[in-house]
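Work through these short exercises with the structure open beside you. Try each task before you read its solution.

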Amino acid sequence: MALRLACRHNAPKEVILKVLEYCPESAKATDRNKRLPLHTAARNGASPEVIRILFKAYPLAITKVDDIGMTPLLCSYNRRSKNKINCKTVDALIRLRPKTLLMKDIHGNNALESILFGNLKVPEDVFRVIQYRTASYSKKLRFK
């Protein structure tokens, strides 16, 4: 609960580290919507440092979906909240686990398709990062 609250209010990395020090299992705790603290941090535009700390505390969180099928990456830009979408948050999530770019949402769309077909209004820098990283990752997969 404390970790989720800290993530919801964009607490500094020192606070996140202290909460995890006292309760490391809190990184695995879901809320009623099956969201993990990483989902909450991503949704609220947490700093890349906080994203990395939460990932290190529970690496599997990055591929977990909430009750509406959203990964932390999708939560970072696919929302109706008034919070500003943080391009650095989006990029940090992608760099930690590029394969999440190709994971499908509940509509069968990957990250880039969810923007294009979901009629989402995302800042241009966020769209460009997702577009570039998707192309780069797809290219790597073709040559393996």
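The exercises below go from the whole chain to single residues, and the model they use is a predicted one.

**Exercise 1. The fold**

Task: Find how many helices and strands the protein chain has, and decide whether the chain is as compact as a globular protein of its length.

Solution:
- Step 1. Count the elements. The protein chain has eight helices and zero strands.
- Step 2. Read them from the N terminus. The order is α-α-α-α-α-α-α-α.
- Step 3. Turn to the radius of gyration. For the protein chain this is 15 Å, and the globule rule gives 15 Å for 144 residues, so the chain is as compact as a globular protein of that length.
- Step 4. Add the dimensions. The C-alpha trace spans about 45 × 35 × 25 Å along its principal axes.

**Exercise 2. Inside and outside**

Task: State what share of the residues is buried, and what supplies the exposed area of the protein chain.

Solution:
- Step 1. Recall the cut-off. Buried means under 20% relative accessible area.
- Step 2. Apply it. Of the 144 residues in the protein chain, 47% are buried.
- Step 3. Look at the surface. The chain exposes about 8,400 Å², and 55% of this comes from carbon and sulfur atoms.
- Step 4. Check the contacts. Take those between residues at least 6 apart in sequence: 64% of them join residues at least 24 apart.
- Step 5. Place the charges. There are 28 positive and 12 negative charges, and their mean positions are 3 Å apart.

**Exercise 3. The cysteines**

Task: Explain why Cys-7 has no bond to Cys-75.

Solution:
- Step 1. Search the whole structure. The number of disulfides found is zero.
- Step 2. Take the distance. The closest cysteine sulfur to that of Cys-7 belongs to Cys-75, and it is 12 Å away, so it is too far for a bond.
- Step 3. Compare with the cut-off. A disulfide needs two cysteine sulfur atoms within 2.5 Å.
- Step 4. Move to Cys-23. It is in no disulfide either, and its nearest cysteine sulfur, in Cys-7, is 12 Å away.
- Step 5. Add the surroundings. Cys-7 is buried at 2% relative accessibility, whereas Cys-23 is partly exposed at 38%.

**Exercise 4. Positive phi**

Task: Locate Asn-10 and Lys-34, and describe their phi angles.

Solution:
- Step 1. Start with the general rule. Most residues other than glycine have a negative phi.
- Step 2. Read the angles. Asn-10 has a positive phi of about 50°. Lys-34 has a positive phi near 65°.
- Step 3. Find the places. Asn-10 sits in the loop between helix H1 (2–8) and helix H2 (13–22). Lys-34 sits in the loop between H2 and helix H3 (37–43).
- Step 4. Check exposure. Asn-10 is partly exposed at 39% relative accessibility, and Lys-34 is exposed at 53%.

**Exercise 5. Two buried residues**

Task: Say where Thr-71 and Val-19 lie, and what they touch.

Solution:
- Step 1. Locate Thr-71. It is in the loop between helix H4 (48–57) and helix H5 (72–77).
- Step 2. Check burial. Thr-71 has a relative accessible area of 3%, so it is buried.
- Step 3. List partners, leaving aside neighbours within four places in sequence. Thr-71 contacts His-39, Ile-62, Thr-63, Lys-64, Val-65 and Met-103.
- Step 4. Repeat for Val-19. This residue is in helix H2 and is buried at 18%.
- Step 5. List its partners under that same limit. Val-19 touches Ala-2, Leu-3 and Ser-26.

How values were computed: Residues are numbered from 1 along each chain as its sequence is written. This is a predicted model: local features need pLDDT of at least 70, side-chain atom pairs count only at pLDDT 80 or more; totals for chains, interfaces and linings use all residues. Side-chain values use heavy atoms; hydrogens and water are left out. Helices (H or I, at least four residues) and strands (E, at least two) are DSSP runs, numbered from the N terminus. The radius of gyration is taken over C-alpha atoms; the globule rule is 2.2 Å times the number of residues to the power 0.38. Buried means under 20% relative accessible area, exposed over 50%, partly exposed in between (1.4 Å probe, protein chains only). Contact means heavy atoms within 4.5 Å. Accessible areas come from the Shrake-Rupley method with a 1.4 Å probe; for residues, only the protein chains shown count as cover. Lys and Arg count as positive and Asp and Glu as negative; His and the chain ends are not counted. The place of a charge is taken as NZ of Lys, CZ of Arg, CG of Asp or CD of Glu.
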